Amino acid sequence: MEKKKRIKKNEEFQEVFKRGKSSANRQFVIYALEKSDQPHLRLGLSVSKRVGNAVTRNRIKRVVKEIFMKHEKEITSGRDYIIIARNPTADMDFFEMEKSLLHVLQRAGSIRQSKGRRK
């Protein structure tokens with residue numbers, strides 16, 4: 001993932017937490033903050049130590065980044081997103097995580113509906 005598309009600084013995380021809108025399901029919590037001056041989306045990830053060991057946490061982060069890159073054209077740009085992974089994600093494979101993440105993004109109103117897409 002490109003540097004300009006990442007959120008790393010604590011101040012940026014705090015701004016999204018304070019001013020952003022949240023949406024959640026059992027596996028993920030998403031905070032989204034509208035940024036009209038920014039042409040692309042930015043992504044911040046948080047996976048607690050309670051979710052698993054370092055290998056598990058890093059795998060979850062890699063999978064979430066891959067899902068965002070795969071569906072970048074469908075996800076509303078011009079926003080900052082923070083994804084918080086909850087405990088059940090440790091036992092999920094790529095496709096389960098993808099389905100769950102797209103579900104919570106849709107609940108947050110962050111998925112653009114394409115004409116050929118089925119529900």
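## The largest pocket

In this predicted model, β3 (42-47) and α2 (54-70) each supply at least two residues of the lining of the largest pocket. The largest share of that lining comes from β3, which gives three residues. Ten residues line the pocket in total, and R6, I7, K8, L45 and K65 are the ones that lie nearest its centre.

The space in the largest pocket is about 170 Å³. By residue type, its lining is made up of five nonpolar residues, four charged residues and one polar residue.

## The sheet

Strand β3 is also part of an open sheet of four strands. The strand order in this sheet is β1-β2-β4-β3, and the pairing is mixed. At the edges stand β1 and β3, each of which pairs on one side only. Direction ignored, neighbouring strands of the sheet are turned by 20 degrees against each other on average.

The partner of β3 is strand β4 (residues 79-85), and these two strands pair in the parallel sense over six bridges. Within the sheet, L43 stands opposite Y81 in β4.

## The helix across the sheet

Helix α2 lies across three strands, namely β2, β3 and β4. Relative to β3, α2 runs at about 155 degrees. As noted for the pocket, α2 and β3 each supply at least two residues of its lining.

## Residue K21

K21 lies in strand β1, which is one of the two edge strands of the sheet. Is K21 buried or exposed? Its relative accessibility is 67%, so K21 counts as exposed; the cut-off for exposed is over 50%.

Leaving aside residues up to four places away in sequence, K21 touches I30, Y31 and A32. K21 and M92 are 71 residues apart in sequence, and their C-alpha atoms are 26 Å apart in space.

## Residue Q27

Q27 is found in the loop between β1 (21-24) and β2 (28-34). Why does Q27 count as buried? The relative accessibility of Q27 is 17%, and buried means under 20%. Q27 therefore counts as buried, whereas K21 counts as exposed.

Which residues does Q27 touch, not counting those up to four places away in sequence? They are I84, A85, R86, P88, T89, M92 and S100. Two of these contacts can be placed further: I84 and A85 fall within the residue range of β4, 79-85. M92, which Q27 touches, is the residue whose C-alpha lies 26 Å from that of K21.

Key: Residues numbered from 1 in each chain as written. Predicted model: local features only at pLDDT ≥ 70, side-chain atom pairs only at ≥ 80, totals over all residues. Heavy atoms only, no water. Buried < 20%, exposed > 50% of the residue type's maximum accessible area, 1.4 Å probe, protein only. Contact = heavy atoms within 4.5 Å. 1 Å grid on protein atoms, 1.4 Å probe; cavity = no way out; pocket = protein on both sides within 12 Å on 5 of 7 lines; lining within 4 Å. Points joined across faces, edges and corners; volume = space filled by probe spheres on them. Nonpolar A, V, L, I, M, F, W, Y, C, P; charged D, E, K, R; others polar. Pairing = 2+ DSSP bridges. Axes fitted to C-alpha atoms, helices over the stretch in contact; angles between N-to-C directions.
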